[in-house]
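Visitor: I have a structure open and I'm new to this. Can you walk me through it?
Guide: Sure, let's take a look.
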Amino acid sequence: MSVKSMQARVNPVYLTAKTAVCLMVQAGIPGADKIVHALDLDNNAPLQDMADAETILGNALVVEAKYRTMCRLIEASGYQTCVDLPCGYTPKAIHMTEHDRNFVGLDLPIVVKEVEPIIRQLAGHAENVSFHGVDATNRTSLKTALHSLAGPLCISTEGMMMYFSDDEADTVIANIQCLLGEHGGCWITPDPEYALQFWGTFRAVFGEESLAKLMMTKNAAQGQSAVTALGNSFIIEPTDIPASQARVEALLAKHGLKAEKVNLGEHMPELSVYKQLGPEQIARFKEAMCHCHYWVITLDEAKEIQTDGLMEEQPFELQYTVKKGILHLSLRGRLDTISAPKLLMVWEEVHAGGSVEGVRIDCARLEYISSAGIRLLLEIQENCSRHIVFSGANAKVKEILQQKGFEKMEGS
Ligand SMILES: C[S@@+](CC[C@H](N)C(=O)[O-])C[C@H]1O[C@@H](n2cnc3c(N)ncnc32)[C@H](O)[C@@H]1O
């Protein structure tokens with residue numbers, strides 16, 4: 001199996017970014033068509049899960065409103081460098097360099113490998129563009145990617161936070177706080193209110209039919225990402241706005257961050273996709289967007305920065321032997337999207353021999369497991385006749401494993 005397919009197996013969520021760029025073509029966003037062509041997606045394959053043309057239109061409306069408003073807010077921040085985490089396959093690098101900004105694209109390695117050569121060819125000022133493969137839950141990967149940048153950063157996050165578990169969202173917020181502490185600047189994101197934006201858009205445009213079309217959208221996103229919840233403690237719930245808003249603010253405050261909420265309706269430019277809508281639909285849509293906000297998040301100087309959980313991360317290391325049908329693994333550091341393909345490679349090799357009945361994992365030096373790591377462990381478990389046995393796990397790792405139904409723990 002190739003490295004690319006190993007990466008895809010441990011974290012398929014990157015496929016959602018292909019859907020996003022295909023929707024950008026539907027919305028007429030400049031440059032998106034060339035990217036889709038270079039990705040060999042002219043057939044719009046990622047949109048096939050949304051068979052209904054109106055559902056595609058509703059999604060294109062959400063995507064265009066988000067992309068164009070975010071570009072405006074990033075420019076209005078006044079910061080010279082835009083760090084797009086995650087950058088996906090959008091033409092934002094091209095837009096930013098045309099507007100005299102530096103652009104740093106961060107995403108999972110599988111995305112960066114594919115998007116970087118395409119953008120380098122399309123962007124006029126390719127020297128102002130850089131890309132780095134990271135995992136947003138992996139602080140070392142983020143710090144390494146940004147270490148040579150001078151000056152404050154405008155970090156933008158569109159369409160990522162909802163794919164995380166509570167624990168991962170918390171880790172990513174701590175990581176971004178750490179980056180803002182080191183570099184200064186701000187973090188702009190529509191993600192806390194993404195569900196409100198979807199609900200408001202679909203209700204305004206499709207009225208009574210909106211629920212069925214929203215469900216189709218949700219099923220498509222869940223199918224592509226292999227994530228079932230699409231929500232966590234950073235995401236506001238449309239059914240309980242005041243309480244969930246307070247929860248998100250408290251979460252930011254815990255990390256020494258504060259948010260200013262920018263009204264979407266007031267900052268959204270005119271959209272190309274309006275050509276496909278009637279005047280009443282447009283009026284209702286604009287009104288609905290006045291109830292949504294994008295969040296501009298900065299360090300709260302009045303708060304002491306919490307530093308627990310910010311210890312130096314250990315680099316990933318894996319050792320293994322096979323004895324009497326049991327694969328003995330010893331893991332160090334973090335099992336996440338970046339490191340999980342290495343474990344998958346070992347598993348594939350050992351499993352191909354056909355004699356592995358069980359796995360024992362020494363977790364004494366394992367610091368953290370992300371959803372990608374869990375996804376792989378579940379796959380390994382499915383292919384073993386005995387339960388995986390974990391030993392020496394720290395409290396965090398133990399909690400993550402137990403939440404996912406791994407119960408066999410020793411010596412911890
Ligand atoms: C819905 S797409 C959004 C991409 C882009 N911002 C856009 O608006 O089209 C979700 C993106 O999140 C990225 N992603 C998911 N988990 C990630 C992680 N742990 N670290 C970095 N990027 C991640 C995926 O690779 C994918 O590109």
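Visitor: Which residues are closest to the ligand?
Guide: This is a predicted model, to be clear. In it, 18 residues surround the ligand. The closest are Pro86, Asp107, Asp135, Ala136 and Glu158.

Visitor: What does Pro86 do there, in terms of distance to a nitrogen atom of the ligand?
Guide: Pro86 uses its backbone. One of its backbone N or O atoms lies 2.8 Å from a nitrogen atom of the ligand.

Visitor: And which ligand atom does Asp107 lie by?
Guide: An oxygen atom. A polar side-chain atom of Asp107 lies 2.6 Å from that oxygen. Asp135 also uses its side chain: an N or O atom there is 2.8 Å from a nitrogen atom of the ligand.

Visitor: How much of the ligand does the protein bury?
Guide: The protein buries 95% of the 590 Å² that the ligand exposes when taken alone.

Visitor: Which helix gives the largest share of the shell?
Guide: Helix H2, residues 15-26, with 3 residues.

Visitor: How does the shell divide by residue type?
Guide: It has 11 nonpolar residues, 4 polar and 3 charged.

Visitor: New topic. Where is Thr171?
Guide: In helix H8, which covers residues 166-183.

Visitor: Is Thr171 buried or exposed?
Guide: Buried. Its relative accessibility is 17%, and the cut-off for buried is under 20%, so Thr171 counts as buried.

Visitor: What does Thr171 contact, beyond its neighbours in sequence?
Guide: Leaving aside neighbours within four places in sequence, Thr171 is in contact with Thr137 and Tyr368. With Tyr368 there is a polar contact, side chain to side chain, at 3.5 Å.

Terms used:
Residues numbered from 1 in each chain as written. Predicted model: local features only at pLDDT ≥ 70, side-chain atom pairs only at ≥ 80, totals over all residues. Heavy atoms only, no water. Near = heavy atom within 4 Å. Polar contact = N/O pair within 3.5 Å; in protein donor to acceptor, adjacent residues only side chain to side chain. Areas by Shrake-Rupley, 256 points an atom, 1.4 Å probe, with all protein chains shown as cover. Helix = DSSP H or I, 4+ residues; strand = E, 2+ residues; numbered from the N terminus. Nonpolar A, V, L, I, M, F, W, Y, C, P; charged D, E, K, R; others polar. Buried < 20%, exposed > 50% of the residue type's maximum accessible area, 1.4 Å probe, protein only. Contact = heavy atoms within 4.5 Å.
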